[in-house]
Structures are given as C-alpha cells and as structure tokens.
Amino acid sequence: QVQLVESGGGLVQAGGSLRLSCAASGRTASMGWFRQAPGKGRDFVAAISWSGGSTNYADSVKGRFTISRDNAKNTVYLQMNSLKPEDTAVYYCAAGTRVVDAASMYRSWGQGTQVTVSS
C-alpha cells in the first residue's frame, strides 16, 4: 500500500493562498483531496486522474482551488486561493483508482495537514 505524506498547511488570513503537497511513496492512479472540519465529516475537495487530464472539484472550491500533479515526483498539489474561514479544516490526500468524490473509493490516506483561515 502506498504511503502518503501531506505538507504545506498553516495559518493564513482570509483572501490568502496556500499550496498543499502530497508526496507518495510510489506510483499512484487517481488522487484526491478531502477535508474535515472540527465536529464534521470528511468532505471531498478535488480529485485528479493519473494523466491529469481529468479533474473533479467540489462546488464550494470551484474557481478557487486547483489540483495538479507531477508524476515524476509522485506528488500531487492543491493550490488554494481566495481562502475563506470556512475552508479551515484538516486536509487529507488519498490514492484511488477513479476520479470520484466518494471517500470510500480511496484506499490509501495521508495523516492530514491543518489549514486555518483567519477572518
């Protein structure tokens, strides 16, 4: 099973930007980002196919977040712009086989990285 390690989280003011990275220990197929706010379930954020030709975004982040990948580095990125306080959550990357929004379809998960957006 592939190991995933997220990085890039932190504290940022509303309107600011952050870029999350997810480094995989080996080759992965589709990759996804999810987030979990305190007291809430784990929500889909974005997903990308192995080639990068297919992406999927949650409505709440469309136009603000961009998912991308560098297969030579086995790394997936999440560029987050125009951040809002409601984006505050622990962000997780996950490896799967399809570009879908269901967490159950992803088999490997990282440990998460905290993103906090202050108002």
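Four aromatic pairs are counted in this predicted model. One of the pairs joins F34 and Y106, whose ring centres lie 5.2 Å apart with 75 degrees between the planes, an edge-to-face arrangement. This contact brings together distant parts of the chain, since F34 belongs to strand β4 (residues 30-36) and Y106 to strand β10 (residues 106-109), with the two positions 72 residues apart in numbering. Both F34 and Y106 are buried.

Y106 also pairs with W109. Their ring centres are 6.4 Å apart, which is within the 6.5 Å allowed for a pair. The planes of Y106 and W109 meet at 65 degrees, and because an angle over 60 counts as edge-to-face, the pair is given that label.

How buried or exposed are these two rings' residues? The relative accessible area of Y106 is 4%, and as this is under 20%, Y106 is classed as buried. W109 has a relative accessible area of 27%, which falls between 20% and 50%, so W109 is classed as partly exposed.

The residues met up to this point belong to a wider group: F34, Y106 and W109, together with F44, form one aromatic cluster.

Charge also comes into the picture at W109. R42 lies over the face of this ring, 4.8 Å from the ring centre. R42 has a second aromatic partner in Y92: the charged end of R42 sits over the Y92 ring, at 3.8 Å from its centre. W109 therefore has two kinds of contact described here, an edge-to-face pairing with Y106 and a position under R42.

Technical notes. Residues numbered from 1 in each chain as written. Predicted model: local features only at pLDDT ≥ 70, side-chain atom pairs only at ≥ 80, totals over all residues. Heavy atoms only, no water. Phe/Tyr/Trp six-rings, centres within 6.5 Å; stacked < 30°, edge-to-face > 60°. Helix = DSSP H or I, 4+ residues; strand = E, 2+ residues; numbered from the N terminus. Buried < 20%, exposed > 50% of the residue type's maximum accessible area, 1.4 Å probe, protein only. Lys NZ or Arg CZ within 6 Å of the ring centre and 35° of its normal.
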